[in-house]
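Here is a small set of exercises to work through with the coordinates open beside you. Try each task on your own before you read its solution.

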Amino acid sequence: MSVKEFREYLLDSMLNILWKQWAALGIYSNVEQEDKYLIDPESLLYATCSFGRFDQRLFDEVIIWLGENGSLLNIDRLKNVLVFFNGLEINTLGAIAEYLVQKEKKKKWDRVVLFCERKKKEDETQDLFMTKDLIPIPIVGKSEEIFLRWGLRRNEVNLRHIIREIDFENPCNLLFKMRSFFGINARADICAFLLFSEGENSLQISKKIHFNQRNVYHVLNELCRSGLVEKKYFEKGSLYTLDHSNWSDFFKIDKSLSYIIWAKVFSALYYLFEQMFQQPEKFEDSYLASSEFREISEIFIPEIKSSGVKVLSKHLERATGELFTPQFVDYVEKILHQLLGKTNKIQAI
Amino acid sequence: MLDKATIENVLTALGKQIEFMKKGPINIIVCGGAALNVLGQIRRTTKDIDIVGILKKEESGKLKIQEAVLPRWFVDAAERVKRDFNLPDTWINVGPTSIVCRGTRACSTMEYDP
């Protein structure tokens, strides 16, 4: 697989993952719905702001979805998740949020507009959408004013407003079920996390669910008071757990469902894609491409490992010189296969 | 350990890194096992590449061998090659450059007359 083919494969796979997850959330699509991983809507939105620039239909469908279901998103968490994406696509998010405020009259997004304005990048105006060959898609007709204000050129937004309701019975939408039950706050996300955890302290939990530790600590202690969450004391601190079987029965949780830290997965994959996309000349020579992939892997692999995606990377350490590229490509391919729910390439840990 | 093919491979890689950084060129003079290996004089492997000096051409056309004080970009490029090929820290080093000094206080250059 050439580097160009690899980049295209990565982009296609990412768009596929995004479509699968949005389809599970109610966007009409002919792709299979996500059925393996718990969906993280805030991380999914950032990933869509990034990869969605290569798929206008997905991008616009998501604006419709946000207009209809945005109340289920947690704005504080959305801000916290941005750290993983290094402020990337802040203008895209700002433009979407302002569109929702002005055109769809969704005042909740005002906070996002203000937040994005503070971090806005004053770059030259660029085309929002691109082809998979990285060629900007020209605008036919009038440009959308709101997006132009954020330095993004696109055609006028023309939404169909056809969308299904979120299927709360789909196990992947557990977080939405929890938020509908507990409210849009850390409590819902903490309980959802604990359902997949064998016990962790408040710092570890806050890092994995992207909430402020003080808030997480406070909520955990409140939950402990109810007796439904347990605090176990150890020499080095305390761990929080809950009774999986009771909670699973009550919330009808599918045991095959997995929890991974999507913010890490999406940001690592976007980082890889961005490097290949922004500096393609670095990948023209086969040795330099290997060297670059190795450089990328130093950030990429730890992020993937700590996200909960279990794919072996041992063989990468032994690959020297140009041999690194095929091994790295194979590693990324296995990750994507796993995320897409294809099992033929997965290695057991 | 470095054999002839590996030495050529890692030096080519070093050249590519330097070229990509838009730095160089730099003419290094290599001595010891690596030099003899590439010239085909010996077949045994060597553990490193010894730089004895840097060759500079003056405006007069005269060539001068200077003490090997490697620029930052060279060190950075060598560091990347080290990482890429899993080489030891001193895979390319200026250990023997004191030969150029010949014990003079100036320790700067000596003329080279091929």
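The exercises below concern a predicted model, and each is followed by a worked solution.

**Exercise 1. Confidence**

Task: Find the overall scores of the model, then work out which elements of chain B have the lowest and the highest mean pLDDT.

Solution:
- Start with the whole model, which scores ipTM 0.85 and pTM 0.89.
- Next, take chain B: its average pLDDT is 87, and 88% of the residues reach at least 70.
- Now go element by element. Strand β5 of chain B (residues 109-112) has the lowest mean, 59, while helix α3 of chain B (residues 72-85) has the highest, 97.
- A word of caution fits here: where pLDDT is low, predicted coordinates should not be read in detail.

**Exercise 2. The make-up of chain B**

Task: Describe the order of helices and strands in chain B, and state what share of its residues is buried.

Solution:
- Count the elements: chain B has four helices and five strands.
- Then follow the sequence, which gives the pattern α-β-α-β-β-α-β-α-β.
- For burial, 27% of the 114 residues of chain B qualify.
- Finally, look at contacts in chain B with a separation of 6 or more: 67% of them are between residues 24 or more positions apart.

**Exercise 3. Two helices of chain A**

Task: Decide which residues of helix α6 of chain A are buried, and how many residues of helix α2 of chain A are buried.

Solution:
- In α6(A), residues 110-119, the buried ones are Val112(A), Val113(A) and Cys116(A).
- These three lie on the same side of α6(A), because they cover an arc of only 100° around the axis.
- The general rule behind this is that an α-helix has 3.6 residues a turn, so residues three or four places apart point the same way.
- Turn to the face away from the buried side of α6(A): there you meet Leu114(A) and Arg118(A), which are exposed.
- The buried residues of α6(A) pack against α4 (75-81) and α5 (90-102) of chain A.
- For α2(A), residues 41-51, eleven of its eleven residues are buried; among them are Glu42(A), Tyr46(A) and Phe51(A).
- The partners of these buried residues in chain A are α1 (3-24), α3 (56-69), α4, α5, α8 (174-182) and α13 (262-278).

**Exercise 4. A pair of strands**

Task: Work out how strands β3 and β4 of chain A run relative to each other, parallel or antiparallel.

Solution:
- Locate β3(A) at residues 229-234 and β4(A) at residues 237-242.
- Six bridges join the two strands, and they run antiparallel.
- As an example of the register, Glu230(A) stands opposite Thr241(A) in β4(A).
- With two residues between them, β3(A) and β4(A) form a hairpin.

**Exercise 5. Domains, and a residue that touches both chains**

Task: List the domains of chain A, then decide whether Leu288(A) counts as buried or exposed and what Leu288(A) touches.

Solution:
- The domain assignment of chain A gives domain 1 (37-153), domain 2 (171-251) and domain 3 (279-339).
- Over C-alpha atoms, the centres of domain 2 and domain 3 of chain A are 34 Å apart.
- Leu288(A) is found in helix α14 of chain A, residues 286-307.
- Leu288(A) counts as buried because it has 20 C-beta neighbours inside 10 Å, and the cut-off is 20 or more.
- Leaving out residues up to four places away in sequence, Leu288(A) touches Lys282(A), Lys16(B) and Phe20(B).
- The contact takes eight residues from chain A and nine residues from chain B. On the side of chain A that touches chain B, two are nonpolar, four polar and two charged.

Technical notes:
Residues are numbered from 1 along each chain as its sequence is written. Chains are lettered from A and ligands numbered from 1 in the order in which they are written. This is a predicted model: local features need pLDDT of at least 70, side-chain atom pairs count only at pLDDT 80 or more; totals for chains, interfaces and linings use all residues. Two residues are in contact if their C-beta atoms, placed from the backbone, lie within 7 Å. Ala, Val, Leu, Ile, Met, Phe, Trp, Tyr, Cys and Pro count as nonpolar, Asp, Glu, Lys and Arg as charged, and the others, Gly among them, as polar. A residue is buried if 20 or more other C-beta atoms lie within 10 Å of its own, exposed if 12 or fewer, and partly exposed in between; C-beta atoms are placed from the backbone. The arc is that of the directions from the helix axis to the C-beta atoms. Domain bounds come from an automatic or database domain assignment. pLDDT is the predictor's confidence in each residue, from 0 to 100. Two strands pair if DSSP finds at least two bridges between them.
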